[in-house]
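I opened this entry to get my bearings in a protein that is new to me. My notes follow the order in which I looked things up.

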Amino acid sequence: MRAPRGGGGGWKMAAGGGSAGRPCAAWLLIIAAALTAVLVSAVEVNTPEEMFVENGTDAKLPCTFTSVEVISSAASVSWSFQPEGAATRISFFYYSNGKSYPGKDIPFKDRITWAGDLNKKDASITISNMQFRDNGTYICDVKNPPDIVVKPGEIRVRVVEKDSLPAFPIATVAGIAIGTVTGLSSLISIVVCLVIRKNNSKKRYSGCSTSESLMSPVKQAPQKAPSDTEGLVNSVPARSHQFKNQ
């Protein structure tokens, strides 16, 4: 008889333990939802993939970003550089709370200028007097807490001889060529449709046009030949006139 009571007590303890575990499960769900929200809310950085810069000129490296959070004083921008053929990156610029901190690395010493505006979600910089040794990949990284998950933007910069850049970028030339071909095709299609429509309208219309009716000569009605009676009437006065003269 006592054994069943003990067993019953065991069941009660198990039930109590299960109810105590429910708050833990709820907290786990809340933490998982918070982690998911952090992963979804991330900074998106946008930069051009490639740039060509003339040797000895200034280059503005554009970098913009989007963030669902309000831009705060804790927002920061960092730029790093990976030289052509190198495996490591060099941090050379940092911006936060309205102040810029250029790196003291020899390649970019005294050549970096902040050209962005975080309130406008612009993190661009300008590098003056670009040299051939500046060839490489430039990485723009933006953080706007709590948005700190970000995929940095990368720009591959190619420094070329001065006055050797094409008058129009390849992408622009390709766009103009495609637009021209498309425009010509559309114009040819319109002309063909107009010609076909004109020919069909001529076949369906059997009368003359307005211009043809104006240019065609007006046919006069045939004059009626005088009858014998009219001839006698017209000749009588002439004869009476002759008798008076005699």
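Below are my notes on the overall make-up, one sheet, the salt bridges and one lysine.

**Ground rules**

I am working with a predicted model, where local features need pLDDT of at least 70, side-chain atom pairs count only at pLDDT 80 or more, and totals for chains, interfaces and linings use all residues. Residues are numbered from 1 along each chain as its sequence is written, and side-chain values use heavy atoms, with hydrogens and water left out.

**Overall make-up**

I looked up the secondary structure first. The protein has four helices and 12 strands. Helices (H or I, at least four residues) and strands (E, at least two) are DSSP runs, numbered from the N terminus.

Next I checked burial. Of the 246 residues, 20% count as buried. Buried means under 20% relative accessible area, exposed means over 50%, and partly exposed lies in between (1.4 Å probe, protein chains only).

Then I looked up the surface. The protein exposes about 18300 Å², by the Shrake-Rupley method with a 1.4 Å probe. Carbon and sulfur atoms supply 61% of that area.

I also looked at contacts, meaning heavy atoms within 4.5 Å. Among contacts with a separation of 6 or more, 60% join residues 24 or more positions apart.

**One open sheet**

Which strands make up the open sheet, and in what order? I find three, in the order E3-E9-E8, with antiparallel pairing. Two strands pair if DSSP finds at least two bridges between them. E3 (59–61) and E8 (112–114) stand at the edges with a single partner strand each, so one side of each is left without a neighbour in the sheet. The twist averages 25° from one strand to the next. That angle uses axes fitted as lines to C-alpha atoms, and runs from 0 to 180 degrees between N-to-C directions.

I then followed one pairing. E3 and E9 (residues 125–127) are joined in the antiparallel sense over three bridges. One of the partners I noted is Ile-125 in E9, which bridges to Leu-61.

**Salt bridges**

How many salt bridges does a search of the whole structure find? The search gives five. The criterion is a side-chain nitrogen of Lys or Arg within 4 Å of a carboxyl oxygen of Asp or Glu.

I started with Glu-84 and Arg-156, whose side chains meet at 3.1 Å, N to O. Glu-84 sits in the loop between strand E5 (76–83) and strand E6 (90–96), while Arg-156 is in strand E12 (residues 153–160), 72 residues apart. Glu-84 is partly exposed at 46%. Arg-156 is also partly exposed, at 35%.

I went on to Glu-154 and Arg-89, with their closest N and O atoms 3.1 Å apart. Glu-154 lies in E12 and Arg-89 in the loop between E5 and E6, so this salt bridge ties together parts that are 65 residues apart in sequence. Glu-154 is partly exposed at 41%, and Arg-89 is partly exposed at 45%.

My third entry is Lys-143 with Asp-141, at 3.0 Å, N to O. Is Asp-141 buried or exposed? Asp-141 is buried, at 16% relative accessible area. Lys-143 is partly exposed, at 30%.

**One lysine**

Last, I looked up Lys-99, which lies in strand E7 (residues 99–102). Lys-99 is exposed, with a relative accessible area of 52%. I paired Lys-99 with Ser-76: they are 23 residues apart in sequence and 9.8 Å apart in space, C-alpha to C-alpha.
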